[in-house]
Amino acid sequence: MSHRVRRLLLALAAAVFLFLGLVRPAAAHGFTSTVYAHVTAEGDSPLRTELKLEYDLLVVSAADAGSDDPLFRAGTDAFENGDARARAEALDSHRRSVVDYVTRRVSVTEDGTACEPAPVGGTRMGAEEGVPYALLTFDWTCAGGGAGHGTAGHEIRSTLFPDAEGYVKGTKTIVTYAVDGRTGSAALDGGHPSFSIGQSWPERFWEFFRLGAEHLLTGTDHILFLLALIAGSRRPREVVLAATAFTLAHSVTFLLAALGLVDVPSGLVEPVIALSIAVVAGWHLWRLRTGGAPAPDLPAPDGGRFALDRAGWARLAVVFCFGLVHGLGFAGALGIEAAWSWTLLWSLLVFNIGIEAVQLAFIAVLFPLILLLGRRSPQAARGVTGALSAGVALMGLVWFAQRVTGS
């Protein structure tokens with residue numbers, strides 16, 4: 001083995017093990033929260049925001065921010081008892097702390113001038129993916145009068161449940177709006193906490209494209225699955241077909257979930273995603289052990305139009321099936337439900353494009369390196385892909401056990 005090949009081998013191995021060492025042993029989805037905001041106004045009526053916030057997170061955050069221990073005790077008791085009416089009463093009986101917490105972190109401005117919020121009605125209760133949510137409504141009075149004055153200048157800002165509070169990490173606020181004939185959606189987070197109702201379509205496109213790209217980059221389970229696909233592919237044709245099957249599969253279930261036609265509990269989806277990582281990575285290890293994984297530069301087998309042998313077709317089928325489950329995971333990242341589906345459909349498609357862009361970038365960078373290594377030293381390529389697959393399989397099994405047991 002030449003000195004150059006050794007250096008490439010060591011660099012690849014170091015990068016892989018550094019990545020695996022930095023991966024958190026828990027699911028990427030379990031540490032986030034999603035806030036839903038629906039903004040409406042017509043004519044001279046005030047701008048109305050209907051907010052849906054995770055109940056137990058709202059209780060602890062508002063109680064902490066307002067030093068309101070009675071709110072924490074009452075809200076926690078109601079949460080544990082599973083009584084929706086008691087939960088709403090706990091928030092309403094400490095309305096001042098709750099409203100103060102929300103309105104300090106959600107704001108509306110019109111042409112740079114702050115609008116004044118006023119709570120409307122009491123707290124209502126709902127649920128998202130089996131998690132209790134509190135529904136709060138506010139009317140915003142702006143200096144211009146109503147929503148009909150300068151709607152293009154309305155800016156919505158949300159910094160709810162920031163990382164600094166220490167309860168969750170990476171809160172997203174999904175906004176839909178219908179204001180004087182303007183309709184659309186936006187995705188807010190800590191890095192991009194505000195948007196203008198008068199924003200252009202390229203700006204709206206970029207928001208959801210960025211959100212999709214960031215979700216894949218920060219969703220370590222999906223990245224590990226992609227690494228397992230890359231490591232287990234013997235030639236460019238295989239990795240392209242595997243990536244295509246994965247893309248088609250998760251796009252199908254992602255859009256079905258967006259349309260409200262599929263609803264699978266996250267308690268089932270997340271363990272299967274973890275298991276898929278271990279299975280796809282383990283598949284390559286098994287082929288290495290049985291001598292069924294030739295070096296990447298060998299001729300493709302005679303398998304018809306797509307030049308796949310029986311093992312290649314079987315792997316493609318497994319990837320497609322697991323891709324269907326990953327699509328539900330992507331949908332769960334936005335807490336998709338039928339009530340939001342048609343308004344968000346275009347934005348969800350853009351979100352999916354962002355996911356695909358990062359996926360293709362990973363393949364374009366990593367697979368050529370594995371090919372180069374395989375052509376210079378097939379044994380080194382086996383060692384690197386085997387080590388990568390072993391690490392990925394182990395992490396998938398750990399996550400699977402954690403998600404099944406809830407630990």
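Contact, as the word is used in these legends, means heavy atoms within 4.5 Å. The structure is a predicted model, in which local features need pLDDT of at least 70 and side-chain atom pairs count only at pLDDT 80 or more, while totals for chains, interfaces and linings use all residues. Residues are numbered from 1 along each chain as its sequence is written, and side-chain values use heavy atoms, with hydrogens and water left out.

**View 1. The protein chain as a whole, with its 12 helices and 11 strands.**
Helices (H or I, at least four residues) and strands (E, at least two) are DSSP runs, numbered from the N terminus. Of the 407 residues in the protein chain, 49% count as buried, where buried means under 20% relative accessible area, exposed means over 50%, and partly exposed lies in between (1.4 Å probe, protein chains only). Among the contacts in the protein chain with a separation of 6 or more, 76% come from residues 24 or more positions apart.

**View 2. Thr137 and its surroundings in strand 7.**
Thr137 belongs to strand 7, which covers residues 131-141, and with a relative accessible area of 9% it is buried. Its side chain is joined to that of Arg124 by a polar contact of 3.3 Å, a polar contact being a pair of N or O atoms within 3.5 Å, of which, within protein, one must be able to donate a hydrogen and the other to accept it, and for which residues adjacent in sequence count only if both atoms are side-chain atoms. When neighbours within four places in sequence are left aside, Thr137 is in contact with Arg48, Thr49, Glu50, Ala118, Pro119, Val120 and Arg124.

**View 3. The packing of helix 2 with helix 4.**
Two packed helices are described by the angle between their axes and the distance between the axes. Axes are lines fitted to C-alpha atoms, for helices over the stretch in contact, and angles run from 0 to 180 degrees between N-to-C directions. Helix 2 (residues 55-65) packs with helix 4 (residues 84-93) at an angle of about 25°, and their axes are 12 Å apart. Helix 2 is therefore roughly parallel to helix 4, given that angles under 35 degrees count as roughly parallel, over 145 as roughly antiparallel, 65 to 115 as roughly perpendicular and the rest as oblique. The crossing of helix 2 past helix 4 is left-handed, a term that applies if the near helix is turned anticlockwise from the far one by less than a right angle, whereas a clockwise turn is right-handed. On the side of helix 2 the meeting residues are Tyr55, Leu58 and Val59, and on the side of helix 4 they are Arg87, Ala90 and Leu91. By class, this contact has five nonpolar residues, no polar ones and one charged, where Ala, Val, Leu, Ile, Met, Phe, Trp, Tyr, Cys and Pro count as nonpolar, Asp, Glu, Lys and Arg as charged, and the others, Gly among them, as polar.

**View 4. Ala88 in helix 4.**
Ala88 is a buried residue, with a relative accessible area of 11%. Not counting residues up to four places away in sequence, Ala88 touches Thr123 and Met125. The C-alpha atoms of Ala88 and Gly75 are separated by 8.7 Å, and the two residues lie 13 residues apart along the chain.

**View 5. The crossing of helix 6 and helix 7.**
The axes of helix 6 (residues 201-218) and helix 7 (residues 220-232) cross at roughly 75° and come within 5 Å, and the two helices are therefore roughly perpendicular to each other. Helix 6 contributes His215, Leu216, Leu217 and Thr218 to the contact, and helix 7 contributes Thr220, His222 and Ile223. These residues divide into three nonpolar, four polar and no charged.

**View 6. Ser233 in the loop between helix 7 and helix 8.**
Ser233 has a relative accessibility of 4% and counts as buried. Its side chain makes a polar contact of 3.5 Å with the side chain of Arg315. Apart from residues up to four places away in sequence, Ser233 touches Glu238, Val239, Arg315 and Phe367.

**View 7. Asp111 and Phe161, two loop residues with positive phi.**
Asp111, which is not a glycine, has a positive phi of about 50°; it lies in the loop between strand 3 and strand 4 and counts as exposed at 57% relative accessibility. Phe161 has a phi near 50° and lies in the loop between strand 8 and strand 9, where, at 1% relative accessibility, Phe161 counts as buried.
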